[in-house]
Amino acid sequence: MNQDKKKIGIVTAPGYTKRIGEGLYYSLPGLLREYVDEGETWEVESLESPLTGYTEEPEEVLEALLEKKQMQGWDMAVCLTDLPLFRGKKLIVAEANSAKRVGLLSLPGLGAAPLIKRIRESILQLLSEMHHGSSYEDRDRVQLRAGRKGRKKINARELVKRRGIDRFSPIVRENSESEKVSEVRFTVDSRLRGALRLITGMVRANRPWRLFEQFLKILAVAFTTGAFGFIIFSTLWEVSIQYSFWRMIMINIFAIVLLVFWIMTAHKLWERKSDHSSAYIRRLYNSTTVMTLLTAVSFYYTLLLICFQLLVLLLLPTGAINSQLNAEMNTIGYFYIAWTATSISTIVGALGTTMEDEDVVLSGTYGNRQRQRYELINEAEQEKKEAAKEKEEARKNG
């Protein structure tokens with residue numbers, strides 16, 4: 001058995017990809033022995049670098065990764081980026097170069113879930129491509145070897161097992177001997193299905209659930225407003241039960257959209273024109289921010305509706321409502337009172353309220369994360385220039 005260690009580098013962009021890379025440090029060595037080559041001893045290192053997460057160009061990512069690989073003395077390296085990557089109009093999910101032994105994985109290209117399992121499968125596939133080769137003949141040999149071990153369900157040419165969204169938006173393998181940067185590429189052919197996969201993946205990368213803690217202040221203001229306005233005054237009960245179902249739906253949508261618009265305006269989340277991104281990328285970032293906030297606000301709205309429903313059931317006795325309305329209150333009437341209170345209190349009570357920790361809000365947008373990475377890169381370049389200048393002055397003085 002070969003006792004020389006194969007050193008694998010996992011390079012991550014700053015942010016949540018760093019924690020994913022650190023988690024792979026523990027699980028990958030055993031998985032590599034089991035699924036790639038049991039005759040090797042594998043060692044995994046994780047490194048954070050803004051260089052691999054500041055650009056949407058796959059060539060630049062791989063070039064930065066190759067430089068890191070040579071500096072660290074790794075045998076193979078894989079970059080995890082939370083940015084969407086494209087070649088022309090095709091969505092790039094992953095690429096690998098078996099000659100240079102570098103590969104990259106765009107996490108949004110994998111879709112929303114189950115993310116960790118898909119990341120592990122993808123990295124194992126990319127490392128297998130680098131270790132055993134990417135040609136169809138090489139992959140057939142890997143497939144044959146897997147069959148001898150009783151793993152006939154494994155497809156040595158696929159990036160991940162097909163499940164869920166992969167059946168609707170399949171990841172396609174492309175081999176190219178003419179490419180200088182990558183020998184194998186995994187893409188999504190359809191722009192529409194690729195966009196659906198990408199948007200859901202980018203919303204997942206924004207982690208909308210992190211915003212919920214910041215919604216607590218808004219929730220408290222909205223609940224207080226609705227409790228005093230809709231539960232105490234009987235006139236508003238009458239209004240609630242007169243609304244039709246479709247009117248309730250329209251008020252619901254209006255309240256959610258208005259709160260999303262307010263948050264984006266108050267915290268300046270809309271991505272504007274810059275030197276670092278194209279018009280398409282800006283539209284993609286803004287669409288993802290809107291979808292992320294819609295997800296978070298919808299969850300907030302649902303929780304507020306549950307609170308109002310419990311309050312209505314506890315504080316509004318049937319006899320009191322029937323006497324005020326001169327009618328018999330049914331179950332749907334109670335629900336409509338809570339539903340109307342939720343929508344109107346969101347409009348009246350939540351607007352004008354800002355989230356306390358703006359850094360958490362900003363971290364949920366791609367544009368802000370990119371600006372932070374540009375700042376880190378500029379600072380590093382400035383420090384490098386100053387160090388070179390001091391070295392030159394010391395040489396002259398010496």
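**Exercise 1. Determine where the salt bridge between Arg157 and Asp140 sits, and how accessible its two residues are.**

Solution. The side chains of Arg157 and Asp140 form a salt bridge, with 2.8 Å from N to O; the term requires a side-chain nitrogen of Lys or Arg within 4 Å of a carboxyl oxygen of Asp or Glu. Next, place the partners: Arg157 is in the loop between α4 and α5 (165-168) and Asp140 is in helix α4, so the bridge ties together parts 17 residues apart in sequence. Helices (H or I, at least four residues) and strands (E, at least two) are DSSP runs, numbered from the N terminus. Then classify accessibility, where buried means under 20% relative accessible area, exposed over 50%, and partly exposed in between (1.4 Å probe, protein chains only). Arg157 has 31% relative accessibility and therefore counts as partly exposed. Asp140, with a relative accessible area of 40%, is partly exposed.

The model is predicted: local features need pLDDT of at least 70, side-chain atom pairs count only at pLDDT 80 or more, and totals for chains, interfaces and linings use all residues. Residues are numbered from 1 along each chain as its sequence is written, and side-chain values use heavy atoms, with hydrogens and water left out.

**Exercise 2. Describe the salt bridge between Asp138 and Arg141.**

Solution. The side chains of this pair meet at 2.2 Å, N to O. Asp138 and Arg141 are three residues apart in helix α4 (residues 136-148), so about one helical turn separates them. Asp138 has a relative accessible area of 16% and is therefore buried. Arg141, in contrast, is partly exposed, because its relative accessible area is 48%.

**Exercise 3. State how many salt bridges the structure has, and examine the pair Glu43 and Lys5.**

Solution. The count comes to 10 salt bridges. In one of them, Glu43 pairs with Lys5, and the closest N and O atoms are 3.5 Å apart. This pair links distant parts of the chain, since Glu43 belongs to strand β2 (residues 41-48) and Lys5 to strand β1 (residues 5-12), 38 residues apart. Glu43 counts as partly exposed at 24% relative accessibility.

**Exercise 4. Assess the cysteines Cys79 and Cys307, and locate Ala227 relative to Cys307.**

Solution. The structure holds zero disulfides, a disulfide being a pair of cysteine sulfur atoms within 2.5 Å. Cys79 has 0% relative accessibility and so counts as buried. Cys307 is partly exposed, at 28% relative accessibility. Ala227 and Cys307 are 80 residues apart in sequence, while their C-alpha atoms are 9.9 Å apart in space. Ala227 is part of helix α7 (residues 215-231) and, at 17% relative accessibility, counts as buried.

**Exercise 5. Characterise the backbone and surroundings of Arg101.**

Solution. Arg101 is not a glycine, yet it has a positive phi of about 60 degrees. Its position is the loop between β5 (90-97) and β6 (102-106). With a relative accessible area of 24%, Arg101 is partly exposed.

**Exercise 6. Identify which elements have the lowest and the highest mean pLDDT.**

Solution. The pLDDT is the predictor's confidence in each residue, from 0 to 100. The protein averages 79, and 75% of the residues score at least 70. Among its elements, helix α11 (residues 318-325) has the lowest mean pLDDT, 61, and β6 the highest, 92. Where pLDDT is low, the predicted coordinates should not be read in detail.
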